[in-house]
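User: Please go through this structure with me. I am new to it and would like short answers.

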Amino acid sequence: MDYIIQEMKQDLDDDMPAEELVRAFAKAPDKPTKLTTYHQMIAMDKLLECAEINCRTLCDLVRYQYLKQAGIVNSVDEFLQMFRPEVNSDFVEDD
């Protein structure tokens, strides 16, 4: 929920609805809410975005586990270099 609230605040600035309303909507999206349709759409989009991130992370962890067991990679750094080179480019080691 914190991710959803934080992202909504960043996108909506002064138009951010009360956190309690967002939390109540996320817990029971089929119940009546005081959120506008626009706020409901943003909240649901952020919820789905969070689910996508979690799913991607889980998939990467499973891939890493099997690749490590197969001896294809020996470390997370090797795995990231193979599958997420853009992540590794952020971490430049000093020699």
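**Overall form**

Analyst: A compact globule of 95 residues would have a radius of gyration near 12 Å, whereas the chain has 19 Å. That radius is taken over C-alpha atoms, and the globule rule is 2.2 Å times the number of residues to the power 0.38. This is a predicted model in which local features need pLDDT of at least 70 and side-chain atom pairs count only at pLDDT 80 or more, while totals for chains, interfaces and linings use all residues. Residues are numbered from 1 along each chain as its sequence is written, and side-chain values use heavy atoms, with hydrogens and water left out.

User: What does the C-alpha trace span along its principal axes?

Analyst: The radius of gyration of the chain is 19 Å, against a value near 12 Å for a compact globule of 95 residues. Along the principal axes, the C-alpha trace spans about 55 × 30 × 15 Å.

User: How many helices and strands does the chain have?

Analyst: Helices (H or I, at least four residues) and strands (E, at least two) are DSSP runs, numbered from the N terminus. The order of elements from that end is α-α-α-α-α. The count is five helices and zero strands.

User: What share of the residues counts as buried?

Analyst: Buried means under 20% relative accessible area, exposed over 50%, and partly exposed in between (1.4 Å probe, protein chains only). Of the 95 residues in the chain, the buried share is 24%.

**Cores**

User: Which helix gives the most to the largest nonpolar core?

Analyst: A nonpolar core is a set of buried Ala, Val, Leu, Ile, Met, Phe, Trp, Tyr and Cys residues joined through side-chain atoms within 4.5 Å. The largest one has 10 residues in all: Ile4, Ile5, Met8, Leu12, Met16, Val22, Phe25, Leu35, Ile42 and Ala43. Helix H1 (2-12), helix H2 (19-27) and helix H3 (37-69) each supply at least two residues of this core. With four residues, the helix that gives the most is H1.

User: Which residues does Met16 touch, not counting those up to four places away in sequence?

Analyst: Contact means heavy atoms within 4.5 Å. Met16 belongs to the largest nonpolar core. Outside the excluded places, Met16 touches Ile5, Met8, Lys9 and Val22.

User: How many residues are in the second, separate core?

Analyst: Tyr64, Leu67, Phe79 and Leu80 are among the members of this core. The number of residues in the second core is five.

**Aspartates and charge**

User: Is Asp13 buried or exposed?

Analyst: Asp13 is found in the loop between H1 and H2. Its phi is near 50 degrees, a positive value in a residue other than glycine. Because the relative accessible area of Asp13 is 56%, the residue counts as exposed.

User: Which residues is Asp15 in contact with, leaving aside neighbours within four places in sequence?

Analyst: Asp15 has its place in the loop between H1 and H2. At 42% relative accessibility, Asp15 counts as partly exposed. With those neighbours left aside, Asp15 is in contact with Tyr38 and His39.

User: How far apart in space are Asp11 and Thr57, C-alpha to C-alpha?

Analyst: Asp11 is found in helix H1. In sequence, Asp11 and Thr57 are 46 residues apart. In space, C-alpha to C-alpha, the distance between Asp11 and Thr57 is 24 Å.
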